[in-house]
Amino acid sequence: MIKPELIRSHAKRLNISENGSRKFLVLAIEQLASSTYHLDLAKKGFIRGKNDKIQEFLSEVSAWDEDEFDLEDFEVIGYCKNIR
């Protein structure tokens, strides 16, 4: 689950709606899972893989703070998926 304060801070920082911020963060999580940790995106919201990789992934995501992403990250991840 994405921390509500993270959604709010990125919405304000990136000048987008909270719903857009939530969508962006979901895309960032999916991108991290598949590209860095090589986990499978089984269904929307479900990730499969080796337990140790999943634990590492969850630890990284849970450590995200309001400074995790900047406008460039949003443009690369968000605009490519038409978030607004």
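## Glu66 and its charged surroundings

In this predicted model, Glu66 sits in the loop that runs between α3 (51–62) and α4 (71–77). Its relative accessible area is 46%, so Glu66 counts as partly exposed, a class that covers values from 20% to 50%.

Glu66 also has company on the surface: together with Glu60, Asp65, Asp67 and Glu68, Glu66 gathers in a patch of negative charge.

## Aromatic pairs around Phe24

Now for the rings. A pair of aromatic rings is described by the distance of the centres and the angle of the planes. The whole structure holds 4 aromatic pairs. One of them joins Phe24 and Phe69: the ring centres are 5.2 Å apart and the planes lie at 80°, so this pair is edge-to-face. Phe24 belongs to helix α2 (residues 18–36) and Phe69 to the loop between α3 and α4, so the contact ties together parts that are 45 residues apart in sequence. Phe24 and Phe69 are both buried.

Phe24 has an aromatic pair with Phe74 as well, again edge-to-face. Here the distance is 5.4 Å centre to centre, with 65° between the planes. Because Phe24 lies in helix α2 and Phe74 in helix α4, this pair ties together parts that are 50 residues apart in sequence. Like Phe24, Phe74 is buried.

## The ring cluster

Which residues do the ring pairs link into a cluster? They are Phe24, Trp64, Phe69 and Phe74. Two residues of the cluster have their places in the chain given above: Phe69 is in the loop between α3 and α4, while Phe74 is in helix α4.

Definitions and conventions:
Residues are numbered from 1 along each chain as its sequence is written. This is a predicted model: local features need pLDDT of at least 70, side-chain atom pairs count only at pLDDT 80 or more; totals for chains, interfaces and linings use all residues. Side-chain values use heavy atoms; hydrogens and water are left out. Patches are made of residues with over 30% relative accessible area and no salt bridge: like charges are joined within 9 Å, nonpolar side chains (Val, Leu, Ile, Met, Phe, Trp, Tyr) within 5 Å. Accessible areas come from the Shrake-Rupley method with a 1.4 Å probe; for residues, only the protein chains shown count as cover. A salt bridge is a side-chain nitrogen of Lys or Arg within 4 Å of a carboxyl oxygen of Asp or Glu. Lys and Arg count as positive and Asp and Glu as negative; His and the chain ends are not counted. The place of a charge is taken as NZ of Lys, CZ of Arg, CG of Asp or CD of Glu. Helices (H or I, at least four residues) and strands (E, at least two) are DSSP runs, numbered from the N terminus. Buried means under 20% relative accessible area, exposed over 50%, partly exposed in between (1.4 Å probe, protein chains only). Rings of Phe, Tyr and Trp (its six-membered ring) pair if their centres lie within 6.5 Å; planes under 30 degrees apart count as stacked, over 60 as edge-to-face and the rest as tilted.
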